[in-house]
Amino acid sequence: MGNVPRLPGRAEHHWLWQEEAACRELGSRLFFHPAGEPGRDRELRDAAAKEVCALCPVQRDCLRHALKVGEPFGVWGGLNERERRRLAAAEAERSALTSTA
């Protein structure tokens with residue numbers, strides 16, 4: 001048997017926010033684009049997903065999670081992949097500026 005005391009312990013508290021998510025019962029089709037989805041269709045689908053996110057009580061938790069794990073696909077916390085990459089880059093730049101000041 002392995003060295004059990006070295007195991008990290010219970011972690012479900014990291015995911016409890018998902019139980020309150022507005023998207024919980026909606027499935028993934030609205031939040032993740034299918035392969036080959038035309039640009040205009042993708043914009044409309046993303047906009048509809050973001051409307052759900054705008055009313056979600058755990059939007060910030062969702063976005064925080066997506067940024068923390070580097071979620072590469074879908075709308076999370078009201079931002080799509082491109083928007084999250086821009087936000088992460090801006091945060092990294094801000095962090096670099098404050099650490100050199």
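## A first look at a three-helix protein

The side chains of Arg-45 and Glu-37 meet in a polar contact of 3.0 Å. That pair is a good place to start a tour of this model, which is predicted. The protein has three helices and zero strands, and along the sequence the pattern reads α-α-α. Of its 101 residues, 23% count as buried. Among contacts with a separation of 6 or more, 41% are made by residues 24 or more positions apart.

**Around Arg-45**

- Arg-45 belongs to helix 1, which covers residues 39-54.
- Is Arg-45 buried or exposed? Its relative accessibility is 9%, so Arg-45 counts as buried.
- Besides the contact with Glu-37, the side chain of Arg-45 has a polar contact of 3.0 Å with the side chain of Asp-46.
- Once residues up to four places away in sequence are set aside, Arg-45 touches Arg-29, Leu-30, Phe-31, Phe-32, His-33, Pro-34 and Glu-37.

**Nonpolar cores**

- The largest nonpolar core has seven residues: Trp-17, Ala-21, Cys-56, Val-58, Cys-62, Ala-66 and Trp-76.
- Another core, of five residues, lies apart from the largest one, and its members include Phe-31, Ala-49, Val-52 and Cys-53.
- Ala-66, a member of the largest core, is in contact with Glu-71, Trp-76 and Arg-84, leaving aside neighbours within four places in sequence.

**The aromatic pair**

- How many aromatic pairs are there? The count comes to one.
- The ring centres of Phe-32 and Trp-76 are 6.3 Å apart and the ring planes stand at 80°, so this pair is edge-to-face; planes over 60 degrees apart earn that label.
- Phe-32 and Trp-76 are 44 residues apart, so to speak from distant parts of the chain: Phe-32 sits in the segment before helix 1, while Trp-76 sits in the loop between helix 2 (59-69) and helix 3 (81-100).
- Phe-32 has a relative accessibility of 30% and therefore counts as partly exposed.
- Trp-76 is buried, because its relative accessible area is 17%, and buried means under 20%.

**The largest pocket**

- The volume of the largest pocket is about 310 Å³.
- Which residues are the closest to its centre? Of the 18 residues in the lining, they are Ala-21, Cys-23, Arg-24, Cys-62 and Trp-76.
- Helix 1 and helix 2 are the elements that give two or more residues to this lining.
- Three of the names just given, Ala-21, Cys-62 and Trp-76, also appear in the largest nonpolar core.

**Glu-20 and its contacts**

- Glu-20 is in the segment before helix 1.
- Along the chain, Glu-20 and Cys-56 are 36 residues apart, and their C-alpha atoms are separated by 8.1 Å.
- Not counting residues up to four places away in sequence, Glu-20 touches Pro-57 and Val-58.
- Cys-56 and Val-58 both belong to the largest nonpolar core.

**His-65 and three tryptophans**

- His-65 is part of helix 2.
- With a relative accessibility of 14%, His-65 counts as buried.
- Which residues does His-65 touch, not counting those up to four places away in sequence? They are Trp-15, Trp-17 and Trp-76.
- Trp-17 and Trp-76 are also among the members of the largest nonpolar core.

Definitions and conventions. Residues numbered from 1 in each chain as written. Predicted model: local features only at pLDDT ≥ 70, side-chain atom pairs only at ≥ 80, totals over all residues. Heavy atoms only, no water. Helix = DSSP H or I, 4+ residues; strand = E, 2+ residues; numbered from the N terminus. Buried < 20%, exposed > 50% of the residue type's maximum accessible area, 1.4 Å probe, protein only. Polar contact = N/O pair within 3.5 Å; in protein donor to acceptor, adjacent residues only side chain to side chain. Contact = heavy atoms within 4.5 Å. Core = buried A, V, L, I, M, F, W, Y, C linked by side-chain atoms within 4.5 Å. Phe/Tyr/Trp six-rings, centres within 6.5 Å; stacked < 30°, edge-to-face > 60°. 1 Å grid on protein atoms, 1.4 Å probe; cavity = no way out; pocket = protein on both sides within 12 Å on 5 of 7 lines; lining within 4 Å. Points joined across faces, edges and corners; volume = space filled by probe spheres on them.
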